[in-house]
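Here are some questions and answers for a reader meeting this structure for the first time. They concern charged side chains and how they pair.

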Amino acid sequence: MAREENRPITDLGTLKALAHPLRMQLYRGLCVARTATASQLADQVDEAVSLVSYHLRKLAEHGLIEEAEPQSADGRERWWQPSSEGVSIRDKDFRDAPERAAAHLAATRLFHEQRADMYRRYLDERPTWGPEWNSAAPDSESLLRLTSAELDELRQELEALARKYEAKGRAAEAAGDTEGRESVALHVYGFPFRV
């Protein structure tokens, strides 16, 4: 059965389940690895396996991850995978009540803080990546004059472009083309502002 491309999160319980710092790290780690055990993820996040297992079960309770086919002969290992290709969390789904809006804001801040931490880590490690990666890694700012409809159109086009490259990378990797292939984070923010 094919997995959902992008699962919309519209309920408060699922949002709160994902908006836990360790759970978001685990979810992101599973999205990168595609399948992993609690032990493998515990090594990535430097936490106890029992704690990681607990948080993986919480993510599974909300349908964010699911058990995966075993990747080894060790029957004691429990393998996990994301239940969809990703998630989408939209402001419009949490505006209807103050507590829902506050939870959405808190989750959004957490996600952005973790993304900023990822980028800071890259900057700190930049010398180890070599000139080809540093030249290829975009770091730009565009200040545009748009309507909300035009910004939405731009968002959709950027998301489609990112999906195109994700599919291209997965297909190449499945065909055995793994030389020089790394995990890449692409963070795109577009927002109105006044000066």
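Q: Is Asp152 buried, partly exposed or exposed?
A: In this predicted model, the relative accessible area of Asp152 comes to 32%. Buried would need a value under 20% and exposed a value over 50%, so Asp152 counts as partly exposed.

Q: Which residue does the side chain of Asp152 meet in a salt bridge, at 2.6 Å from N to O?
A: Side chains of opposite charge can pair when their charged atoms come close. Asp152 lies in helix 7, which covers residues 148–174, and a residue placed 3 positions from Asp152 in that helix is separated from it by about one helical turn. That residue is partly exposed, with 28% relative accessibility, and the partner that meets Asp152 in the salt bridge is Arg155.

Q: Which residues are linked with Asp152 and Arg155 in a network of salt bridges?
A: The side chains of Asp152 and Arg155 meet in a salt bridge, and this pair belongs to a network of such links. The residues that join Asp152 and Arg155 there are Arg90 and Glu159.

Q: What is the N to O distance in the salt bridge between Arg181 and Asp177?
A: Arg181 is partly exposed at 32% relative accessible area, and Asp177 is likewise partly exposed, at 38%. A salt bridge requires the nitrogen and the oxygen to lie within 4 Å, and for Arg181 and Asp177 the distance is 3.3 Å.

Q: How many salt bridges does the structure hold?
A: Among them is the one in which Asp91, partly exposed at 40%, meets Arg95, a residue that counts as exposed at 57%. The number of salt bridges in the structure is 12.

Technical notes. Residues numbered from 1 in each chain as written. Predicted model: local features only at pLDDT ≥ 70, side-chain atom pairs only at ≥ 80, totals over all residues. Heavy atoms only, no water. Buried < 20%, exposed > 50% of the residue type's maximum accessible area, 1.4 Å probe, protein only. Helix = DSSP H or I, 4+ residues; strand = E, 2+ residues; numbered from the N terminus.
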